[in-house]
Amino acid sequence: MMDSSPQLKPRRSFLAHLLAVWSGLIAMPIFYGVSRFIYPPPRRSTPVESLTVFPANELPPNMARIVRLNRKPVIILHSPPGQFRALSASCTHLGCTVEYKSADNMFHCNCHGSIFDANGKVVKGPAVLPLEPIRVFIKNTDVTLSIEKD
Ligand code: FES
């Protein structure tokens, strides 16, 4: 006895095609995600060597502000009055962003408790390396960051 009637063949064929299309629709985003992981898209912006960030009079003394330089956080500190310093805001322990506390004039990392002094030197671990200094200067009246080599 035959297991399929002539009427079931088109139906089975249709279901097989439907299953193939459905499998393809499921697989496409997976392949897309894997291919983007293996071959990431090119960066849209080219790295800059210097960046004018804000007018110097916008940051009061004993305050700090975080800006981005080439996608990396940089913390700019106005202390003592009239002097600006810039450091990488990425904690050297595991990369959390540090914050400035004017109460003790230190940079604190809230992830694991590291503390850095105003020059970026480690005061309390677990971080062991200092915050990376970034060159900062006043250009006209604007605070400007630079990673250019002297
Ligand atoms: S990431 Fe800053 S202390 Fe761990």
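# A guided tour, from helix to hairpin

Select Arg11 to begin: Arg11 is exposed, with a relative accessible area of 54%. Before you move on, keep in mind that this is a predicted model. Arg11 belongs to helix α1, which covers residues 8–38. Now add Pro133 to your selection and draw a line between the two C-alpha atoms. Arg11 and Pro133 are 122 residues apart along the chain, and their C-alpha atoms are separated by 70 Å.

**Stop 1: the six-stranded sheet**

Travel along that line to the Pro133 end and colour the strands. In which order do the six strands of the open sheet stand? The order is β1-β10-β9-β4-β3-β2, with antiparallel pairing. Select residues 50–55 for β1 and 63–69 for β2 and you have the two edges of this sheet. Each of these edge strands has a single partner strand, so one side of each is left without a neighbour in the sheet. Turn the view to look along the sheet: from one strand to the next, the twist averages 30°.

Next, select residues 133–139, which make up β9, together with residues 142–146, which make up β10. These two strands run antiparallel and are joined by five bridges. Two pairs are good to label. Val136 has Leu145 in β10 as its bridge partner, and Lys139 is partnered with Asp142 of β10. Between the strands of this hairpin lie two residues. Click on Asn140 here: it takes a positive phi near 60°.

Which strand made of residues 84–88 pairs with β9? That is β4, and the two strands pair in the antiparallel sense over two bridges. To see one of the pairs, select Ala86 and its bridge partner in β9, Ile134.

While the side chains are on show, here is a general point to look for. In a regular strand, side chains alternate between the two faces of the sheet.

**Stop 2: a buried serine**

Go back to β10 and select Ser146, which is found in that strand. Is Ser146 buried or exposed? Its relative accessibility is 3%, so Ser146 counts as buried. Show its surroundings and you will meet Glu49, Ser50, Ile134, Arg135 and Phe137, which Ser146 touches when residues up to four places away in sequence are not counted. You have already met Ile134 as the bridge partner of Ala86.

**Stop 3: a charge over a ring**

Select Arg65 and Phe54 as sticks. The charged end of Arg65 sits over the ring of Phe54, at 4.3 Å from the ring centre.

**Stop 4: the four-stranded sheet**

Now move to the other open sheet on this tour, where four strands are arranged in the order β5-β6-β7-β8 with antiparallel pairing. Its edges are β5 and β8, the latter at residues 122–124. Both have a single partner strand, so one side of each is left without a neighbour in the sheet. Select β7 and β8 to see an antiparallel pair joined by two bridges. Phe116 is the residue to click here, as it stands opposite Val122 in β8.

**Stop 5: an aromatic pair**

How many aromatic pairs does a search of the whole structure find? It finds one. Select Tyr100 and Phe107 to see this tilted pair, with 5.5 Å from centre to centre and 55° between the planes. Both rings belong to buried residues: Tyr100 has a relative accessible area of 14%, and Phe107 has 0%.

**Stop 6: the cysteines**

For the last stop, select Cys96 and Cys111. These two residues form a disulfide, with their sulfur atoms 1.9 Å apart, and a search of the whole structure finds one such link. The angle about the S-S bond is -95°, and the link is left-handed. What does the pair tie together? Cys96 lies in the loop between β4 and β5 (99–101), and Cys111 in the loop between β6 (106–108) and β7 (115–116), so the disulfide ties together parts that are 15 residues apart in sequence.

Finish by colouring the cysteines by accessibility. Cys96 is partly exposed, at 22% relative accessible area, and Cys111 is partly exposed too, at 40%. Cys91, by contrast, is buried at 5%, and Cys109 is likewise buried at 5%.

How values were computed: Residues numbered from 1 in each chain as written. Predicted model: local features only at pLDDT ≥ 70, side-chain atom pairs only at ≥ 80, totals over all residues. Heavy atoms only, no water. Pairing = 2+ DSSP bridges. Axes fitted to C-alpha atoms, helices over the stretch in contact; angles between N-to-C directions. Disulfide = S-S within 2.5 Å. Buried < 20%, exposed > 50% of the residue type's maximum accessible area, 1.4 Å probe, protein only. Phe/Tyr/Trp six-rings, centres within 6.5 Å; stacked < 30°, edge-to-face > 60°. Lys NZ or Arg CZ within 6 Å of the ring centre and 35° of its normal. Contact = heavy atoms within 4.5 Å.
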